[in-house]
Amino acid sequence: MSGVKRKRSVLNVKQKLEIPLKLDNGESASTDVLNEENAISHSAALQSVETLSDYMGQRGFGYGDITAVRKICVDIRQEMNKEQKQRSITDFLKQ
């Protein structure tokens, strides 16, 4: 992908805080929290939440708080898997 420039989306603090809440409620962060030009990928969300989990562990946050963040990671992974299965089915049917 050399030579291809990608537009980097910058999220404000409110948007960053709303993403895990929306995902935890089973909603889509890309359509419910963000507008179309600032969509965030599941992998980017997962990386951010995993980083937050690591930070919380280092800073001595309570077990319940860390467990809640880890549940968000699981939810993101499940959503990623669901979308991958949907893409696989769609690709298979196109053939």
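**Entry 1: contacts and overall make-up**

I began with the contacts of the protein chain. Counting those with a separation of 6 or more, I find that residues 24 or more positions apart account for 47%. The model is a predicted one, and I read every value below with that in mind.

Next I looked up the secondary structure. The protein chain has 4 helices and 0 strands. Along the sequence I read the pattern α-α-α-α.

Then I checked burial. The protein chain has 95 residues, and 22% of them count as buried. I also noted the exposed area, which is about 7,600 Å². Carbon and sulfur atoms supply 52% of that area.

**Entry 2: helix H3, length and faces**

I turned to helix H3, residues 42-59, and tested its length. Its 18 residues, at 1.5 Å a residue, should span 26 Å. I find the end C-alpha atoms 26 Å apart, so the expected and actual spans agree.

Which residues of H3 are buried? I list Ala45, Leu46, Val49, Ser53 and Met56. Around the axis they cover an arc of only 100 degrees, so they sit on the same side of H3.

I then looked at the face of H3 turned away from that buried side. There I find the exposed residues Gln47, Thr51, Asp54, Gln58 and Arg59.

What covers the buried residues of H3? The cover includes helix H1 (13-24) and helix H4 (63-94).

I also checked the backbone past the end of the helix. Glycine 60 comes just after H3 and takes a positive phi of about 80 degrees.

**Entry 3: leucine 52 and a surface patch**

I picked out leucine 52, which lies in helix H3. Its relative accessibility is 39%, so I count leucine 52 as partly exposed. That value falls between the cut-offs of 20% for buried and 50% for exposed.

I looked for a partner of leucine 52 across the sequence and took valine 69. The two are 17 residues apart in sequence. In space they are 7.7 Å apart, C-alpha to C-alpha.

Which residues make the nonpolar surface patch of about 280 Å²? I find Leu52, Tyr55 and Phe61.

**Entry 4: salt bridge between H3 and H4**

I searched the whole structure for salt bridges and found 3. I took them one by one.

The side chains of glutamate 50 and arginine 77 meet in one of them, at 2.4 Å, N to O. This pair links distant parts of the chain: glutamate 50 is in helix H3 and arginine 77 is in helix H4, 27 residues apart.

Are the two partners buried or exposed? Glutamate 50 has 29% relative accessibility and counts as partly exposed. Arginine 77 is also partly exposed, with a relative accessible area of 36%.

**Entry 5: salt bridges within H4**

I moved on to aspartate 75, which I find in helix H4. Aspartate 75 forms a salt bridge with lysine 71, and their closest N and O atoms are 3.0 Å apart. The two are 4 residues apart in helix H4, so about one helical turn separates them.

I compared the accessibility of these partners. Aspartate 75 has a relative accessible area of 15%, so it is buried. The cut-off for buried is under 20%. Lysine 71 is partly exposed, with a relative accessible area of 43%.

What does aspartate 75 contact, leaving aside its neighbours within four places in sequence? I find Leu23 and Asp24.

I then checked lysine 82 and glutamate 79. Their side chains meet in a salt bridge at 3.4 Å, N to O. They are 3 residues apart in helix H4, so I again read a separation of about one helical turn. Lysine 82 counts as partly exposed at 43% relative accessibility. Glutamate 79 is partly exposed too, with a relative accessible area of 26%.

**Entry 6: recap of H3 and H4**

I end with the two helices I spent most time on. Helix H4 is among the elements that cover the buried residues of H3. The pair of glutamate 50 in helix H3 and arginine 77 in helix H4 links distant parts of the chain.

Notes: Residues are numbered from 1 along each chain as its sequence is written. This is a predicted model: local features need pLDDT of at least 70, side-chain atom pairs count only at pLDDT 80 or more; totals for chains, interfaces and linings use all residues. Side-chain values use heavy atoms; hydrogens and water are left out. The expected span of a helix is 1.5 Å times one less than its number of residues. Buried means under 20% relative accessible area, exposed over 50%, partly exposed in between (1.4 Å probe, protein chains only). The arc is that of the directions from the helix axis to the C-beta atoms. Contact means heavy atoms within 4.5 Å. Patches are made of residues with over 30% relative accessible area and no salt bridge: like charges are joined within 9 Å, nonpolar side chains (Val, Leu, Ile, Met, Phe, Trp, Tyr) within 5 Å. Accessible areas come from the Shrake-Rupley method with a 1.4 Å probe; for residues, only the protein chains shown count as cover. A salt bridge is a side-chain nitrogen of Lys or Arg within 4 Å of a carboxyl oxygen of Asp or Glu.
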